Amino acid sequence: LKKIGVMTSGGDAPGMNAAVRAVVRACSYYEITPCAIYSGYQGLIDGKIEEMGPRSVANILSQGGTVLKSARCMEFRTEEGRRKAYEQFMAAGLGALIVIGGDGSFTGARLFQKEFGIPVVGIPGTIDNDIFGTDFTIGYDTALNTVVDAVDKIRDTASSHDRLFFIEVMGRDAGFIALNSGIATGVEQILIPEINKPVEQLIDRIRQSGRAGKGSSMIMVAEGDKSGSNIYQLADKVQEQLPEYDIKVTVLGHIQRGGRPSCSDRVLASRLGVAAVKSLKDGISGVMVGVRKGEVALTPLEEAIKQHNEIDPLLLEVAEITSI
Ligand code: ADP
């Protein structure tokens with residue numbers, strides 16, 4: 001194995017740079033030439049490939065976003081697109097590919113390996129923490145801290161005016177960000193896609209909170225939650241039933257994707273970047289590197305794509321108990 005290509009793909013996440021740096025440095029350490037592939041699969045198709053060295057990743061460890069750029073690429077979903085990518089891949093003399101991204105990116109990587117026999121390894125980079133085979137994805141911890149910071153600020157204004165706040169956080173079809181940041185900020189209710197909470201029940205709980213002496217309340221809503229068709233309509237429904245409340249909606253949006261990666265994300269990204277290179281060096285591919293119960297663990301890409309992490313019922317209980 002002489003040359004490894006590395007790319008970031010799909011949704012960006014803080015800590016992706018730390019993973020790129022670790023991959024590049026681990027390659028150099030093991031005397032393999034690292035190559036940057038810019039803009040995900042689109043860049044591979046377009047041949048945007050550049051040799052790197054340990055100094056080319058100086059000072060990116062602490063930067064949010066991804067210096068390699070990320071992209072969504074429709075063409076790679078077609079066999080013809082993947083063939084073009086393969087041709088560029090071979091022309092650059094690459095022997096293996098490391099993809100930092102989410103399950104969409106891993107689906108593409110798996111097809112690339114299946115169709116052309118290219119060894120691939122995935123590194124989970126997404127704020128959503130929705131990837132099977134790792135307890136944490138790169139970017140999740142930073143996003144949680146960003147959400148906690150923002151919601152603490154909303155709490156200040158909510159309690160000053162006895163308001164009811166609906167706050168939408170990211171997470172795609174998963175409720176990890178909402179549940180964990182909700183517990184950390186002490187919100188009154190948490191709505192996640194994994195649990196279907198009827199609006200009537202939500203309204204009852206808000207009334208209960210009022211009777212229990214709470215002047216203001218915050219409801220954390222995961223973007224994938226199905227209680228309303230969107231958070232504004234949900235807030236409208238609740239407003240109809242609870243006209244006495246001054247209801248406000250805040251959608252945190254893309255601030256959750258940005259910012260300097262937290263210490264945990266930098267360490268996770270560094271561990272996984274090194275593990276990905278080691279895996280390829282040892283002849284193991286078609287896997288995702290992750291951390292399970294504190295240890296680096298390899299999961300076949302197929303499983304990482306098909307399966308889903310479950311919400312911990314004990315965490316739901318903690319949220320319930322601590323918000324009375
Ligand atoms: P994420 O990796 O964050 O889940 P996406 O789902 O957008 O993000 O996937 C990133 C890229 O991976 C897509 O733009 C596409 O190029 C590639 N990809 C996703 N799904 C497939 C698929 N079924 N077949 C081939 N390539 C895919």
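Visitor: Which residue follows α9, and what is the sign of its phi?

Guide: In this predicted model, α9 is followed by Gly-283, and the phi of Gly-283 is positive, near 80 degrees.

Visitor: How many residues does helix α9 have, and what does it reach from its first C-alpha to its last?

Guide: A helix can be checked against the span expected at 1.5 Å a residue. Helix α9 covers residues 263-281, which is 19 residues, and reaches 27 Å, close to the 27 Å expected.

Visitor: Which residues are closest to the ligand?

Guide: The shell around the ligand is read by who is in it, which element gives the most, and by class. Here 17 residues surround the ligand, and the closest are Gly-10, Gly-102, Gly-104, Ser-105 and Gly-108. Helix α4, residues 103-116, gives the most to this shell, with 6 residues. By class the shell has 10 polar, 4 nonpolar and 3 charged residues.

Visitor: Where does UniProt place the feature "binding site"?

Guide: The unreviewed UniProt entry places that feature at Asp-103, a residue that lies in helix α4.

Visitor: Is Asp-103 buried or exposed?

Guide: Burial is judged by counting C-beta neighbours, with 20 or more inside 10 Å as the cut-off. Asp-103 has 23 such neighbours, so it counts as buried. Leaving aside neighbours within four places in sequence, Asp-103 is in contact with Ile-131, Ala-304 and Ile-305.

Visitor: How many helices and strands does the protein chain have?

Guide: The protein chain has 11 helices and 11 strands. Its radius of gyration is 22 Å, close to the 20 Å that the globule rule gives for 324 residues, so the chain is as compact as a globular protein of that length. Of the 324 residues, 48% count as buried.

Definitions and conventions: Residues numbered from 1 in each chain as written. Predicted model: local features only at pLDDT ≥ 70, side-chain atom pairs only at ≥ 80, totals over all residues. Near = placed C-beta within 6 Å. Helix = DSSP H or I, 4+ residues; strand = E, 2+ residues; numbered from the N terminus. Nonpolar A, V, L, I, M, F, W, Y, C, P; charged D, E, K, R; others polar. UniProt positions renumbered as here; feature names shortened; annotations may be inferred. Buried ≥ 20, exposed ≤ 12 C-beta atoms within 10 Å, placed from the backbone. Contact = placed C-beta atoms within 7 Å. Expected span 1.5 Å × (residues − 1). Rg over C-alpha atoms; globule rule 2.2 N^0.38 Å.
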